[in-house]
Amino acid sequence: MDCVIEGRGVKAFGKAIQALSRIGDELLLDPMEKGLAVRTVNAAHSAYSCFLFSPLFFQCYTLGPRPAQDSGAFKCKLLMKSVLPLFRGLASFERNVTRCQISSNIPGDRVVFQFFCRHGITKTYNLCFQESEALQSVFPLHLCPNVLKAQARLLGGIVMHFPVSQEEITLSINPLSVNLRSYYEEGCDHMKMMCTETSLHPNEFDYFQVGVDSDITFCLKELRGLVSFAESYRLPVSVHFGAAGKPVCFSVEDMVLEASLVLATLIDSDSRGPSQATEAPSPTAPRCGDAAGLPEGSCEADSRHLQGFPAVVEVVASSQGSPMVNPSALMRLLTGAKHSDSLNIPDKGRASAVTTPAPSKICSLLFGALSQELDEDGCVSMLPVLACYSDVEEDVEEDITRSPSL
């Protein structure tokens, strides 16, 4: 094998090596008639990636003589930690390196990397290799029911929002949206985890095909390298996947190169980490998240606790679906509670007392709240006030208490 890379191709080849270094500890060079394939696989065989550079990518590409005992070209395996230092500092490659030549010395079991730099400087690296069998993943893309294709800049912007320490993410797809969110295993400390979730509309993709709704969870570390490579050269990324437990394939295609990344997914598609623990409300305790369009008192779960305060509690549409408290009505009700043993309101009076106060009178539960539990005497117990009234509000409350009209 003997191939020569010139100009910007040297930096592109180096970026491919860096992307592969995120996956495996070994690099396999597989010269073929259709191009040079550079592959790797992780130790658990759960991630596989391949970059195929066509002969048009090289200034010169020859396979050389084939071994007599093998009908095909030789396949060598190199240590990633030996190859990766050769392509560090890629930002300066375009200025300093004009050409890179990769050749094999089969009798000496060596792969030679030569970098021809400016001012006549030549850097030569001889790396030992081991002969290996062909490594190829069998993944029929045409059988995948779900296909996505998006610009690398879009995927790069999404991946950037996840922390570097994030190991796995979950991709959920349906005909209306595509969601990506953090995934954590059960038993993790929820308070120490940063949860990230993003949603995309189908119009943001160049190609959008949904055959089956699915939630797949895969590793994010291996994906970052391919997305970074595609973003550097503005190449669209295609995603092929199906149900949970089946592999997902990320691929990039160009006239002179092809890249693919195959990742294993978790089998249990219903398992969600604490970051997305949005448990559905139980039938016995429904939430009033969309109570703005419902009649008063439609939230039946809290009716047994709030039936003594019809004029105080109003169900409004909020992010938590929590009842809001009218402070003025609350003070009047509590004032009357001091002179009675219990708060028994007739049904007729309760029905007539259900009114909707003006929006300006609705305050947050931060300033006062009603406990939804009754004590042994049937009286309503108060929750601790998180923010005390000011002096002016205390004077107003005393005046209201002393007023005979109340």
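Angles between a helix and a strand run from 0 to 180 degrees between N-to-C directions, with axes fitted to C-alpha atoms. The exercises below use this definition on a predicted model.

**Exercise 1. Find which strands helix 5 lies across, and how it runs to strand 19.**

Solution.
Step 1. Locate helix 5 at residues 221-232.
Step 2. List the strands under it: strand 4, strand 17 (237-241), strand 18 and strand 19.
Step 3. Read the angle to strand 19, which is about 160°.
Step 4. Treat helix 1 (residues 8-21) in the same way: helix 1 lies across strand 2 (26-32), strand 3 (35-41) and strand 4 (47-53), at about 170° to strand 4.

**Exercise 2. Give the strand order of the open sheet of ten strands, and explain why one side of strand 10 and of strand 15 is left without a neighbour.**

Solution.
Step 1. Write the order: 10-6-2-3-4-19-18-17-11-15, with antiparallel pairing.
Step 2. Strand 10 (130-131) and strand 15 (207-209) are at the edges and have a single partner strand each, so one side of each has no neighbour in the sheet.
Step 3. Take one pair from the order: strand 18 (residues 248-253) and strand 19 (residues 257-263) are joined by six bridges in the antiparallel sense. Val252 is opposite Ala259 of strand 19.

**Exercise 3. Describe the hairpin formed by strand 8 and strand 9.**

Solution.
Step 1. Strand 8 covers residues 110-117 and strand 9 covers residues 122-128; seven antiparallel bridges pair them.
Step 2. Phe115 faces Lys123 across this pairing.
Step 3. Four residues lie between the two strands, and His119 in the turn has a positive phi of about 60°.

**Exercise 4. How many disulfides are there?**

Solution.
Step 1. The cut-off is a pair of cysteine sulfur atoms within 2.5 Å.
Step 2. For Cys3, the closest cysteine sulfur is in Cys100, at 7.5 Å, which is too far for a bond. Cys3 is buried, at 0% relative accessibility.
Step 3. For Cys144, the closest cysteine sulfur is in Cys249, at 7.5 Å, again too far for a bond. Cys144 is also buried, at 11%.
Step 4. The count is zero disulfides.

**Exercise 5. Which residues lie nearest the centre of the largest cavity?**

Solution.
Step 1. There are three cavities of 30 Å³ or more, and the largest holds about 170 Å³ of space.
Step 2. Of the 19 residues lining the largest cavity, Leu155, Leu171, Leu180, Val239 and Phe250 lie nearest its centre.
Step 3. Among the elements that each supply at least two lining residues are helix 4 (152-160), strand 12 (168-174) and strand 13 (177-183).

Technical notes:
Residues numbered from 1 in each chain as written. Predicted model: local features only at pLDDT ≥ 70, side-chain atom pairs only at ≥ 80, totals over all residues. Heavy atoms only, no water. Pairing = 2+ DSSP bridges. Contact = heavy atoms within 4.5 Å. Buried < 20%, exposed > 50% of the residue type's maximum accessible area, 1.4 Å probe, protein only. 1 Å grid on protein atoms, 1.4 Å probe; cavity = no way out; pocket = protein on both sides within 12 Å on 5 of 7 lines; lining within 4 Å. Points joined across faces, edges and corners; volume = space filled by probe spheres on them.
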